[in-house]
Amino acid sequence: MKKQMSSRDNDPGPRLLKINQYLEKNFPDFFAEARFQVGDDDYFLYSRFGQYLARSIENRRAPRSKIYRGFTVLNKMAAVSRKDPNVRSILVSGPLEHLMDVPRARELAKKRLSPVAQGYLESLCE
């Protein structure tokens with residue numbers, strides 16, 4: 001007997017819950033403003049986070065430790081994405097795409113991202 005898929009099976013929200021909590025804890029101002037602007041849409045939240053992280057690296061506005069925590073968020077997403085193609089889609093078409101557009105951010109990403117996330121980043125280069 002086949003198990004019916006519910007719409008929640010395609011929703012990455014529950015799988016991103018711990019990452020959202022980490023993001024909220026380490027980037028509270030960003031998280032509050034982004035949630036206010038985009039609501040509960042994780043795709044836009046993480047896309048904006050990629051923009052925020054890339055701008056912070058390019059303009060050298062954030063302390064190194066905060067930038068490294070930003071890469072921790074992306075590495076956690078990459079770990080979850082190994083089991084969930086929806087999370088992989090959010091990661092690749094959101095934050096990693098924004099990091100690719102900024103040369104300094106792209107170079108730092110090559111050093112700080114996990115092997116899984118680096119593989120996704122390299123696939124964007126092709």
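**Entry 1: helix 2**

I started with what sits under helix 2: its buried residues pack against helix 1 (17-26) and helix 3 (42-59). Note to self that this is a predicted model.

Next I listed those buried residues. Within helix 2 (residues 28-38) they are Phe30, Phe31, Ala34, Arg35 and Val38. I looked down the helix axis to see how they are spread: the buried residues of helix 2 fall within an arc of 120°, so they line one face of the helix.

Then I turned to the other side. Asp29 and Phe36 are exposed there, on the face of helix 2 turned away from its buried side. I jotted down Phe36 as an exposed residue, with Phe30 and Phe31 on the buried list.

I also checked what comes after the helix. Gly39 follows helix 2, and its phi is positive, near 70°.

**Entry 2: helix 5 on helix 7**

I moved on to another helix pair. How far apart are the axes of helix 5 and helix 7, and at what angle do they pack? I get axes 10 Å apart and an angle of about 65° for helix 5 (residues 85-100) and helix 7 (residues 115-125). That angle makes helix 5 roughly perpendicular to helix 7. I noted the crossing of helix 5 past helix 7 as right-handed.

For the contact itself, I wrote down Arg88, Leu91, Val92, Leu96, Glu97 and Met100 from helix 5. Helix 7 brings Ala117, Tyr120, Leu121, Leu124 and Cys125. Sorting the residues of this helix 5 and helix 7 contact gave me nine nonpolar, two charged and no polar.

Notes. Residues are numbered from 1 along each chain as its sequence is written. This is a predicted model: local features need pLDDT of at least 70, side-chain atom pairs count only at pLDDT 80 or more; totals for chains, interfaces and linings use all residues. Side-chain values use heavy atoms; hydrogens and water are left out. Buried means under 20% relative accessible area, exposed over 50%, partly exposed in between (1.4 Å probe, protein chains only). Helices (H or I, at least four residues) and strands (E, at least two) are DSSP runs, numbered from the N terminus. The arc is that of the directions from the helix axis to the C-beta atoms. Contact means heavy atoms within 4.5 Å. Axes are lines fitted to C-alpha atoms, for helices over the stretch in contact, and angles run from 0 to 180 degrees between N-to-C directions. Angles under 35 degrees count as roughly parallel, over 145 as roughly antiparallel, 65 to 115 as roughly perpendicular and the rest as oblique. A crossing is left-handed if the near helix is turned anticlockwise from the far one by less than a right angle, and right-handed if clockwise. Ala, Val, Leu, Ile, Met, Phe, Trp, Tyr, Cys and Pro count as nonpolar, Asp, Glu, Lys and Arg as charged, and the others, Gly among them, as polar.
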